[in-house]
Amino acid sequence: ETARDRKKAAFHDWSSARQSAAETKWDAINHLDTYLTEFASKLESRGTKVHWCPTGPDARDTIRGIIRDAKAKCVVKSKAMTAEEIHLNEALEKDGFEVVESDLGEFIVQLRKEPPYHIVFPAMHLTRDEISDLFERELGSTPTREPEELTMIARRALRRKYVQADVGITGANFAIAETGMVSITENEGNARLTAALPRVMITLLGIEKVLPKLEDLALFLPLLATAGAGQTVTGYNTLYGGPRQPGESDGPIEWHVVLLDNRRTELLADPEQRDALHCIRCGACLNVCPIFRNVGGHTYGTTYSGPVGSVITPHLRGLQDWKHLSNASSLCGACTEACPVKIDLHHHLLQNRRNAVGDTPSWIERVAWRAHALVVNTPALYQFAQEVGRIVEPLRQRLQGTPLDPVKSWTRTRDLPPVAPESFKEWWRNRR
(Lines give C-alpha, C1' and ligand atoms only; values in the text may rest on other atoms or scores of the structure.)
Protein backbone atom coordinates (compact mmCIF):
# COMPACT_ATOMS: atom_id res chain seq x y z
CA GLU A 1 0.00 0.00 0.00
CA THR A 2 2.88 2.34 0.77
CA ALA A 3 4.35 1.72 -2.69
CA ARG A 4 0.98 2.31 -4.33
CA ASP A 5 0.47 5.58 -2.48
CA ARG A 6 3.94 6.72 -3.48
CA LYS A 7 3.28 5.95 -7.16
CA LYS A 8 -0.15 7.61 -7.03
CA ALA A 9 1.58 10.77 -5.81
CA ALA A 10 3.71 10.73 -8.99
CA PHE A 11 0.58 11.35 -11.08
CA HIS A 12 -0.13 15.00 -11.80
CA ASP A 13 -3.69 14.38 -10.55
CA TRP A 14 -4.62 10.84 -9.51
CA SER A 15 -8.30 11.73 -9.13
CA SER A 16 -8.47 13.16 -12.65
CA ALA A 17 -6.66 10.09 -14.02
CA ARG A 18 -9.28 7.84 -12.44
CA GLN A 19 -12.08 9.98 -13.83
CA SER A 20 -10.59 9.94 -17.32
CA ALA A 21 -10.16 6.15 -17.16
CA ALA A 22 -13.76 5.72 -15.99
CA GLU A 23 -15.05 7.86 -18.85
CA THR A 24 -12.96 5.95 -21.40
CA LYS A 25 -14.29 2.62 -20.14
CA TRP A 26 -17.82 4.02 -20.09
CA ASP A 27 -17.46 4.89 -23.78
CA ALA A 28 -15.98 1.46 -24.56
CA ILE A 29 -18.65 -0.53 -22.72
CA ASN A 30 -21.62 1.55 -23.88
CA HIS A 31 -20.50 1.22 -27.52
CA LEU A 32 -19.17 -2.31 -27.14
CA ASP A 33 -20.81 -3.63 -30.31
CA THR A 34 -19.11 -1.00 -32.46
CA TYR A 35 -15.68 -1.34 -30.89
CA LEU A 36 -15.69 -5.14 -30.87
CA THR A 37 -16.62 -5.27 -34.56
CA GLU A 38 -13.84 -2.81 -35.38
CA PHE A 39 -11.34 -4.78 -33.25
CA ALA A 40 -12.22 -8.11 -34.89
CA SER A 41 -12.18 -6.77 -38.47
CA LYS A 42 -8.75 -5.18 -38.00
CA LEU A 43 -7.38 -8.46 -36.61
CA GLU A 44 -8.85 -10.54 -39.43
CA SER A 45 -7.40 -8.21 -42.05
CA ARG A 46 -3.92 -9.33 -40.93
CA GLY A 47 -4.69 -13.05 -40.94
CA THR A 48 -5.83 -13.57 -37.35
CA LYS A 49 -8.72 -15.99 -36.83
CA VAL A 50 -11.35 -14.51 -34.49
CA HIS A 51 -13.78 -16.80 -32.66
CA TRP A 52 -16.95 -15.47 -30.96
CA CYS A 53 -17.90 -17.67 -28.01
CA PRO A 54 -21.18 -16.99 -26.14
CA THR A 55 -20.45 -19.40 -23.25
CA GLY A 56 -17.58 -21.00 -21.37
CA PRO A 57 -18.19 -24.46 -22.91
CA ASP A 58 -18.18 -22.86 -26.38
CA ALA A 59 -14.78 -21.29 -25.66
CA ARG A 60 -13.40 -24.55 -24.27
CA ASP A 61 -14.58 -26.51 -27.31
CA THR A 62 -13.17 -23.89 -29.68
CA ILE A 63 -9.74 -23.97 -28.04
CA ARG A 64 -9.72 -27.77 -27.87
CA GLY A 65 -10.52 -27.89 -31.58
CA ILE A 66 -7.66 -25.51 -32.42
CA ILE A 67 -5.22 -27.59 -30.40
CA ARG A 68 -6.40 -30.85 -32.00
CA ASP A 69 -6.10 -29.35 -35.48
CA ALA A 70 -2.54 -28.33 -34.64
CA LYS A 71 -1.84 -31.95 -33.56
CA ALA A 72 -0.30 -30.51 -30.41
CA LYS A 73 0.80 -32.47 -27.37
CA CYS A 74 2.22 -29.81 -25.08
CA VAL A 75 0.58 -26.46 -24.37
CA VAL A 76 2.31 -23.63 -22.54
CA LYS A 77 0.10 -20.96 -21.02
CA SER A 78 0.62 -17.51 -19.54
CA LYS A 79 -1.65 -15.92 -16.95
CA ALA A 80 -5.31 -15.70 -18.02
CA MET A 81 -8.11 -15.31 -15.48
CA THR A 82 -10.62 -16.01 -18.26
CA ALA A 83 -9.05 -19.47 -18.63
CA GLU A 84 -9.60 -20.04 -14.90
CA GLU A 85 -13.17 -18.80 -15.35
CA ILE A 86 -14.00 -21.46 -17.95
CA HIS A 87 -11.85 -24.20 -16.28
CA LEU A 88 -9.76 -24.56 -19.41
CA ASN A 89 -6.81 -26.44 -17.92
CA GLU A 90 -8.98 -29.23 -16.54
CA ALA A 91 -10.72 -29.66 -19.90
CA LEU A 92 -7.44 -29.85 -21.83
CA GLU A 93 -5.86 -32.24 -19.36
CA LYS A 94 -8.89 -34.54 -19.62
CA ASP A 95 -8.25 -34.63 -23.37
CA GLY A 96 -4.68 -35.78 -22.72
CA PHE A 97 -2.85 -32.50 -23.39
CA GLU A 98 -0.03 -31.39 -21.14
CA VAL A 99 -0.73 -27.82 -19.98
CA VAL A 100 2.04 -25.87 -18.26
CA GLU A 101 1.50 -22.51 -16.57
CA SER A 102 4.44 -20.22 -17.35
CA ASP A 103 3.71 -17.42 -14.86
CA LEU A 104 5.75 -18.16 -11.72
CA GLY A 105 2.84 -17.77 -9.32
CA GLU A 106 0.48 -19.76 -11.55
CA PHE A 107 3.16 -22.44 -11.99
CA ILE A 108 3.45 -22.77 -8.21
CA VAL A 109 -0.28 -23.13 -7.59
CA GLN A 110 -0.57 -25.52 -10.54
CA LEU A 111 2.02 -27.78 -8.90
CA ARG A 112 -0.05 -27.59 -5.72
CA LYS A 113 -3.20 -28.45 -7.72
CA GLU A 114 -5.09 -25.44 -6.40
CA PRO A 115 -6.60 -22.30 -7.99
CA PRO A 116 -4.97 -18.87 -7.81
CA TYR A 117 -5.28 -17.13 -4.46
CA HIS A 118 -5.33 -13.58 -5.87
CA ILE A 119 -6.13 -12.03 -9.26
CA VAL A 120 -2.63 -10.54 -9.62
CA PHE A 121 -0.52 -12.54 -7.15
CA PRO A 122 -1.66 -16.18 -7.45
CA ALA A 123 0.73 -17.59 -4.81
CA MET A 124 0.85 -14.72 -2.31
CA HIS A 125 -0.47 -16.99 0.46
CA LEU A 126 2.65 -19.20 0.40
CA THR A 127 5.92 -18.74 2.23
CA ARG A 128 9.29 -19.32 0.58
CA ASP A 129 9.73 -22.45 2.74
CA GLU A 130 6.47 -23.89 1.42
CA ILE A 131 7.54 -23.14 -2.14
CA SER A 132 10.95 -24.71 -1.53
CA ASP A 133 9.32 -27.87 -0.16
CA LEU A 134 6.99 -27.95 -3.17
CA PHE A 135 9.85 -27.63 -5.67
CA GLU A 136 11.86 -30.27 -3.82
CA ARG A 137 8.91 -32.67 -3.92
CA GLU A 138 7.71 -31.98 -7.48
CA LEU A 139 10.89 -30.92 -9.32
CA GLY A 140 13.59 -32.67 -7.30
CA SER A 141 15.39 -29.41 -6.49
CA THR A 142 17.68 -28.65 -3.56
CA PRO A 143 15.98 -26.88 -0.61
CA THR A 144 16.58 -23.12 -0.49
CA ARG A 145 15.04 -20.05 1.11
CA GLU A 146 16.44 -17.56 -1.44
CA PRO A 147 13.78 -16.10 -3.75
CA GLU A 148 16.27 -15.76 -6.63
CA GLU A 149 17.22 -19.43 -6.41
CA LEU A 150 13.58 -20.50 -6.26
CA THR A 151 12.91 -18.42 -9.37
CA MET A 152 15.82 -20.05 -11.20
CA ILE A 153 14.54 -23.53 -10.31
CA ALA A 154 11.18 -22.69 -11.91
CA ARG A 155 12.89 -21.05 -14.90
CA ARG A 156 14.96 -24.15 -15.67
CA ALA A 157 11.84 -26.31 -15.61
CA LEU A 158 9.84 -23.89 -17.75
CA ARG A 159 12.42 -23.09 -20.42
CA ARG A 160 12.28 -26.67 -21.69
CA LYS A 161 8.50 -26.44 -21.98
CA TYR A 162 8.62 -23.30 -24.14
CA VAL A 163 10.73 -25.15 -26.68
CA GLN A 164 8.59 -28.31 -26.57
CA ALA A 165 5.21 -26.56 -26.75
CA ASP A 166 3.22 -26.63 -29.99
CA VAL A 167 0.61 -24.13 -28.76
CA GLY A 168 0.85 -21.06 -26.53
CA ILE A 169 -2.21 -19.68 -24.75
CA THR A 170 -2.31 -16.14 -23.39
CA GLY A 171 -4.82 -13.84 -21.79
CA ALA A 172 -5.06 -10.13 -22.51
CA ASN A 173 -5.15 -6.93 -20.50
CA PHE A 174 -6.58 -4.67 -23.18
CA ALA A 175 -7.97 -5.00 -26.72
CA ILE A 176 -7.45 -1.91 -28.88
CA ALA A 177 -10.30 -1.36 -31.33
CA GLU A 178 -8.59 1.36 -33.37
CA THR A 179 -5.63 -0.81 -34.41
CA GLY A 180 -6.91 -4.34 -33.82
CA MET A 181 -4.20 -5.16 -31.30
CA VAL A 182 -4.03 -7.03 -28.01
CA SER A 183 -2.02 -5.53 -25.14
CA ILE A 184 -0.45 -7.92 -22.63
CA THR A 185 1.16 -6.62 -19.44
CA GLU A 186 3.50 -8.75 -17.31
CA ASN A 187 6.56 -8.61 -15.06
CA GLU A 188 8.33 -11.84 -15.99
CA GLY A 189 8.49 -11.99 -19.79
CA ASN A 190 6.83 -15.39 -19.79
CA ALA A 191 3.88 -14.22 -21.90
CA ARG A 192 6.28 -13.03 -24.62
CA LEU A 193 7.89 -16.47 -24.74
CA THR A 194 4.46 -18.12 -24.68
CA ALA A 195 3.42 -16.04 -27.68
CA ALA A 196 6.69 -16.12 -29.63
CA LEU A 197 8.02 -19.68 -29.51
CA PRO A 198 5.08 -22.06 -30.20
CA ARG A 199 3.85 -22.17 -33.80
CA VAL A 200 0.21 -21.59 -32.79
CA MET A 201 -0.90 -18.79 -30.44
CA ILE A 202 -4.33 -18.58 -28.80
CA THR A 203 -5.48 -15.48 -26.93
CA LEU A 204 -8.56 -15.80 -24.73
CA LEU A 205 -10.17 -12.58 -23.51
CA GLY A 206 -13.46 -11.32 -22.18
CA ILE A 207 -15.32 -8.96 -24.48
CA GLU A 208 -15.16 -6.18 -21.86
CA LYS A 209 -11.39 -5.76 -22.32
CA VAL A 210 -11.79 -3.42 -25.29
CA LEU A 211 -10.42 0.15 -25.34
CA PRO A 212 -11.29 2.57 -28.16
CA LYS A 213 -7.87 3.99 -29.10
CA LEU A 214 -4.20 3.10 -28.93
CA GLU A 215 -3.47 6.35 -27.11
CA ASP A 216 -5.68 5.15 -24.22
CA LEU A 217 -2.82 2.86 -23.18
CA ALA A 218 -0.81 5.95 -22.20
CA LEU A 219 -3.22 6.24 -19.27
CA PHE A 220 -4.24 2.64 -18.65
CA LEU A 221 -0.79 1.03 -18.55
CA PRO A 222 0.60 3.20 -15.73
CA LEU A 223 -2.81 3.17 -14.02
CA LEU A 224 -2.84 -0.65 -14.02
CA ALA A 225 0.77 -0.84 -12.80
CA THR A 226 0.19 1.67 -10.01
CA ALA A 227 -3.09 0.25 -8.72
CA GLY A 228 -2.07 -3.39 -9.12
CA ALA A 229 1.51 -3.55 -7.89
CA GLY A 230 2.67 -0.08 -6.91
CA GLN A 231 4.87 0.24 -9.99
CA THR A 232 5.45 3.18 -12.30
CA VAL A 233 4.92 0.88 -15.26
CA THR A 234 4.90 -2.90 -15.54
CA GLY A 235 8.12 -4.61 -16.70
CA TYR A 236 6.87 -5.91 -20.06
CA ASN A 237 4.11 -4.31 -22.12
CA THR A 238 3.60 -5.97 -25.49
CA LEU A 239 1.20 -5.30 -28.37
CA TYR A 240 0.20 -8.16 -30.68
CA GLY A 241 -1.36 -7.37 -34.04
CA GLY A 242 -1.37 -10.62 -35.97
CA PRO A 243 0.46 -13.86 -36.80
CA ARG A 244 3.88 -13.92 -38.45
CA GLN A 245 3.80 -11.82 -41.61
CA PRO A 246 5.81 -12.46 -44.81
CA GLY A 247 9.42 -11.49 -44.26
CA GLU A 248 9.20 -11.72 -40.45
CA SER A 249 11.54 -14.13 -38.70
CA ASP A 250 9.58 -15.01 -35.57
CA GLY A 251 6.13 -15.11 -34.01
CA PRO A 252 3.33 -17.67 -34.33
CA ILE A 253 2.37 -19.05 -37.71
CA GLU A 254 -1.29 -19.06 -36.61
CA TRP A 255 -2.99 -16.72 -34.17
CA HIS A 256 -6.48 -17.32 -32.83
CA VAL A 257 -8.32 -14.73 -30.73
CA VAL A 258 -11.20 -16.16 -28.70
CA LEU A 259 -13.72 -13.52 -27.57
CA LEU A 260 -15.65 -14.74 -24.52
CA ASP A 261 -19.08 -13.47 -23.52
CA ASN A 262 -20.09 -15.92 -20.77
CA ARG A 263 -23.02 -13.75 -19.54
CA ARG A 264 -21.14 -10.45 -19.80
CA THR A 265 -23.81 -9.15 -22.16
CA GLU A 266 -26.41 -9.88 -19.48
CA LEU A 267 -24.47 -7.61 -17.14
CA LEU A 268 -24.18 -5.10 -19.98
CA ALA A 269 -27.99 -5.06 -20.18
CA ASP A 270 -28.19 -3.96 -16.53
CA PRO A 271 -27.84 -0.15 -16.56
CA GLU A 272 -27.49 -0.06 -12.78
CA GLN A 273 -24.43 -2.29 -12.54
CA ARG A 274 -23.04 -2.13 -16.07
CA ASP A 275 -19.95 -0.28 -14.86
CA ALA A 276 -18.72 -3.49 -13.20
CA LEU A 277 -17.54 -4.38 -16.73
CA HIS A 278 -15.06 -1.49 -16.48
CA CYS A 279 -12.84 -3.69 -14.25
CA ILE A 280 -9.22 -3.94 -15.48
CA ARG A 281 -8.35 -6.80 -13.07
CA CYS A 282 -5.73 -4.80 -11.15
CA GLY A 283 -6.60 -6.40 -7.79
CA ALA A 284 -6.55 -3.07 -5.92
CA CYS A 285 -9.94 -3.71 -4.31
CA LEU A 286 -8.74 -7.07 -2.98
CA ASN A 287 -5.68 -5.51 -1.40
CA VAL A 288 -7.67 -2.99 0.65
CA CYS A 289 -10.64 -5.24 1.51
CA PRO A 290 -10.73 -6.24 5.21
CA ILE A 291 -12.77 -9.33 4.37
CA PHE A 292 -10.29 -10.58 1.75
CA ARG A 293 -7.38 -9.92 4.11
CA ASN A 294 -8.97 -12.06 6.80
CA VAL A 295 -10.44 -14.97 4.83
CA GLY A 296 -8.21 -15.12 1.71
CA GLY A 297 -8.96 -15.75 -1.93
CA HIS A 298 -9.72 -19.47 -1.79
CA THR A 299 -12.58 -18.94 0.66
CA TYR A 300 -14.68 -17.32 -2.06
CA GLY A 301 -14.76 -20.59 -4.00
CA THR A 302 -14.79 -18.92 -7.40
CA THR A 303 -12.42 -17.42 -9.98
CA TYR A 304 -12.88 -13.76 -9.09
CA SER A 305 -12.53 -13.07 -5.38
CA GLY A 306 -12.64 -9.92 -3.28
CA PRO A 307 -15.11 -7.07 -3.77
CA VAL A 308 -15.15 -7.11 -7.57
CA GLY A 309 -15.60 -10.88 -7.56
CA SER A 310 -18.49 -10.53 -5.11
CA VAL A 311 -20.10 -8.05 -7.50
CA ILE A 312 -19.64 -9.84 -10.83
CA THR A 313 -19.76 -13.54 -9.86
CA PRO A 314 -23.53 -13.48 -9.10
CA HIS A 315 -24.01 -12.06 -12.62
CA LEU A 316 -21.68 -14.56 -14.29
CA ARG A 317 -22.73 -17.68 -12.35
CA GLY A 318 -26.23 -17.04 -11.00
CA LEU A 319 -27.48 -14.68 -8.30
CA GLN A 320 -29.21 -17.20 -6.04
CA ASP A 321 -26.26 -19.61 -6.04
CA TRP A 322 -23.68 -16.88 -5.34
CA LYS A 323 -25.61 -14.23 -3.41
CA HIS A 324 -23.66 -15.05 -0.25
CA LEU A 325 -20.55 -13.36 -1.71
CA SER A 326 -22.25 -9.96 -1.66
CA ASN A 327 -22.96 -10.44 2.04
CA ALA A 328 -19.25 -10.99 2.73
CA SER A 329 -18.57 -7.27 2.97
CA SER A 330 -18.22 -4.65 5.67
CA LEU A 331 -19.47 -2.00 3.18
CA CYS A 332 -16.60 0.22 4.34
CA GLY A 333 -16.17 1.62 0.81
CA ALA A 334 -12.40 1.09 0.67
CA CYS A 335 -12.79 -0.91 -2.54
CA THR A 336 -14.62 1.91 -4.30
CA GLU A 337 -11.97 4.41 -3.21
CA ALA A 338 -9.16 2.14 -4.44
CA CYS A 339 -10.67 1.26 -7.83
CA PRO A 340 -8.69 3.04 -10.58
CA VAL A 341 -11.71 3.11 -12.92
CA LYS A 342 -14.17 4.27 -10.23
CA ILE A 343 -16.49 1.25 -10.15
CA ASP A 344 -19.10 1.83 -7.44
CA LEU A 345 -18.30 -1.50 -5.82
CA HIS A 346 -19.77 -1.22 -2.34
CA HIS A 347 -23.08 0.11 -3.67
CA HIS A 348 -23.19 -2.76 -6.18
CA LEU A 349 -22.79 -5.18 -3.27
CA LEU A 350 -25.85 -3.61 -1.67
CA GLN A 351 -27.74 -3.81 -4.97
CA ASN A 352 -26.88 -7.51 -5.26
CA ARG A 353 -28.22 -8.06 -1.75
CA ARG A 354 -31.45 -6.24 -2.62
CA ASN A 355 -31.86 -8.18 -5.87
CA ALA A 356 -31.15 -11.49 -4.14
CA VAL A 357 -33.90 -10.85 -1.60
CA GLY A 358 -36.33 -9.75 -4.31
CA ASP A 359 -35.58 -12.83 -6.42
CA THR A 360 -35.64 -15.34 -3.55
CA PRO A 361 -37.50 -18.38 -4.92
CA SER A 362 -38.26 -19.95 -1.53
CA TRP A 363 -41.36 -18.61 0.27
CA ILE A 364 -39.95 -20.04 3.50
CA GLU A 365 -36.83 -17.90 3.15
CA ARG A 366 -38.92 -14.81 2.34
CA VAL A 367 -41.09 -15.35 5.43
CA ALA A 368 -38.00 -15.97 7.57
CA TRP A 369 -36.36 -12.70 6.52
CA ARG A 370 -39.56 -10.73 7.12
CA ALA A 371 -39.87 -12.27 10.56
CA HIS A 372 -36.24 -11.43 11.25
CA ALA A 373 -36.83 -7.79 10.21
CA LEU A 374 -39.87 -7.59 12.49
CA VAL A 375 -37.99 -9.01 15.47
CA VAL A 376 -34.87 -6.84 15.19
CA ASN A 377 -36.96 -3.71 14.74
CA THR A 378 -39.18 -4.41 17.77
CA PRO A 379 -37.25 -4.15 21.09
CA ALA A 380 -39.74 -6.24 23.09
CA LEU A 381 -39.73 -9.05 20.51
CA TYR A 382 -35.93 -8.90 20.27
CA GLN A 383 -35.65 -9.25 24.08
CA PHE A 384 -38.09 -12.17 24.01
CA ALA A 385 -36.12 -13.86 21.21
CA GLN A 386 -32.93 -13.55 23.27
CA GLU A 387 -34.58 -15.26 26.22
CA VAL A 388 -35.92 -18.07 24.01
CA GLY A 389 -32.48 -18.42 22.41
CA ARG A 390 -30.81 -18.93 25.77
CA ILE A 391 -33.34 -21.60 26.69
CA VAL A 392 -32.94 -23.63 23.48
CA GLU A 393 -29.16 -23.11 23.16
CA PRO A 394 -28.21 -26.26 25.17
CA LEU A 395 -30.56 -28.35 22.99
CA ARG A 396 -29.06 -26.87 19.80
CA GLN A 397 -25.56 -27.67 21.02
CA ARG A 398 -26.55 -31.31 21.58
CA LEU A 399 -28.15 -31.59 18.13
CA GLN A 400 -25.26 -29.88 16.32
CA GLY A 401 -23.89 -32.07 13.53
CA THR A 402 -26.81 -34.52 13.66
CA PRO A 403 -29.59 -34.88 11.05
CA LEU A 404 -31.93 -33.08 13.48
CA ASP A 405 -29.74 -29.97 13.68
CA PRO A 406 -32.16 -27.11 12.82
CA VAL A 407 -29.41 -24.86 11.42
CA LYS A 408 -27.22 -27.46 9.70
CA SER A 409 -27.56 -25.74 6.30
CA TRP A 410 -26.06 -22.62 7.87
CA THR A 411 -23.32 -24.32 9.92
CA ARG A 412 -22.20 -26.47 6.99
CA THR A 413 -20.07 -23.56 5.79
CA ARG A 414 -20.25 -21.07 8.68
CA ASP A 415 -19.89 -20.85 12.43
CA LEU A 416 -22.95 -20.01 14.50
CA PRO A 417 -21.78 -18.39 17.75
CA PRO A 418 -23.63 -19.51 20.88
CA VAL A 419 -26.25 -17.18 22.32
CA ALA A 420 -24.59 -14.96 24.93
CA PRO A 421 -25.73 -15.72 28.49
CA GLU A 422 -26.08 -11.99 29.06
CA SER A 423 -26.62 -9.10 26.67
CA PHE A 424 -24.58 -5.90 26.83
CA LYS A 425 -27.61 -3.96 28.10
CA GLU A 426 -28.16 -6.50 30.85
CA TRP A 427 -24.50 -6.47 31.79
CA TRP A 428 -24.52 -2.65 31.92
CA ARG A 429 -27.69 -2.57 34.00
CA ASN A 430 -26.30 -5.09 36.49
CA ARG A 431 -22.95 -3.32 36.63
CA ARG A 432 -24.65 -0.10 37.67
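Reply: Let's start with a word we will need throughout: a residue is called buried when its relative accessible area is under 20%, and exposed when that area is over 50%, with partly exposed in between. Please keep in mind that this is a predicted model.

Me: Thanks! Then is E208 buried or exposed?

Reply: Compare its value with the cut-off. E208 has a relative accessible area of 2%, so it is buried.

Me: Which residue does E208 form a salt bridge with?

Reply: For a salt bridge, look for a side-chain nitrogen of Lys or Arg within 4 Å of a carboxyl oxygen of Asp or Glu. Here the partner of E208 is R264, and the closest N and O atoms are 2.7 Å apart. E208 sits in the loop between β7 (200-206) and β8 (210-211), while R264 is in helix α12, so this pair ties together parts that are 56 residues apart in sequence.

Me: How accessible is R264?

Reply: R264 is at 2% relative accessibility, so it counts as buried. R264 also meets E85 in a salt bridge, at 2.8 Å from N to O. Because E85 belongs to helix α5 (residues 81-85) and R264 to helix α12, that bridge links parts 179 residues apart in sequence. E85 and R264 are both buried.

Me: How many salt bridges does the structure hold?

Reply: There are 18. Another one to look at is R390 with E426, whose closest N and O atoms are 2.9 Å apart. R390 lies in helix α21 and E426 in helix α23 (residues 424-431), so the pair joins parts 36 residues apart in sequence. Both R390 and E426 are buried. Salt bridges can also share partners, and in this way D61, R64, R68 and D95 are joined into one network.

Me: Let me follow one member of that network. Where does R68 lie, and in which helix?

Reply: R68 is in helix α4. Its relative accessible area is 45%, so R68 is partly exposed. Leaving aside residues up to four places away in sequence, R68 touches D95 and F97. From C-alpha to C-alpha, R68 and D95 are 9.6 Å apart in space, with their positions 27 residues apart in sequence.

Me: And what about D69, is it buried or exposed?

Reply: D69 has a relative accessible area of 66%, so it is exposed. D69 is in helix α4, which covers residues 56-69. For a contrast between sequence and space, take D69 and R6: they are 63 residues apart in sequence and 49 Å apart from C-alpha to C-alpha.

Me: How do I read a helix such as α19, and what length does it reach?

Reply: Compare its end-to-end reach with the value expected at 1.5 Å a residue. Helix α19 (residues 345-358) has 14 residues and reaches 20 Å from its first C-alpha to its last, close to the expected 20 Å. Next, ask which residues point inward: L345, H346, H348, L349, Q351, N352 and A356 are buried in α19. These buried residues pack against several helices, including α15 (306-317) and α18 (334-338).

Me: Why would someone check phi in a loop?

Reply: Most residues other than glycine have a negative phi, so a positive value catches the eye. K342 has a phi near 60°, and K342 is in the loop between α18 and α19. At a relative accessible area of 36%, K342 is partly exposed. N262 is another case, with phi near 50°. N262 lies in the loop between β10 (254-260) and α12 (264-268), and at 14% relative accessibility N262 counts as buried.

Me: Which residues make the nonpolar surface patch?

Reply: F384, V388, I391 and V392 make the patch, which is about 390 Å². V392 is in helix α21 (residues 379-399), and at 41% relative accessibility V392 counts as partly exposed.

Me: Finally, how should I read the whole chain? What radius of gyration does it have?

Reply: Compare the radius with that of a compact globule. For 432 residues, such a globule would be near 22 Å, and the chain has 25 Å, which agrees. The C-alpha trace spans about 85 × 50 × 45 Å along its principal axes. The chain has 23 helices and 10 strands, and buried residues make up 48% of its 432 residues. Among contacts between residues at least 6 apart in sequence, 73% join residues at least 24 apart.

Key. Residues numbered from 1 in each chain as written. Predicted model: local features only at pLDDT ≥ 70, side-chain atom pairs only at ≥ 80, totals over all residues. Heavy atoms only, no water. Patch = residues over 30% accessible without salt bridge, like charges linked within 9 Å, V, L, I, M, F, W, Y side chains within 5 Å. Areas by Shrake-Rupley, 256 points an atom, 1.4 Å probe, with all protein chains shown as cover. Helix = DSSP H or I, 4+ residues; strand = E, 2+ residues; numbered from the N terminus. Buried < 20%, exposed > 50% of the residue type's maximum accessible area, 1.4 Å probe, protein only. Rg over C-alpha atoms; globule rule 2.2 N^0.38 Å. Contact = heavy atoms within 4.5 Å. Expected span 1.5 Å × (residues − 1).
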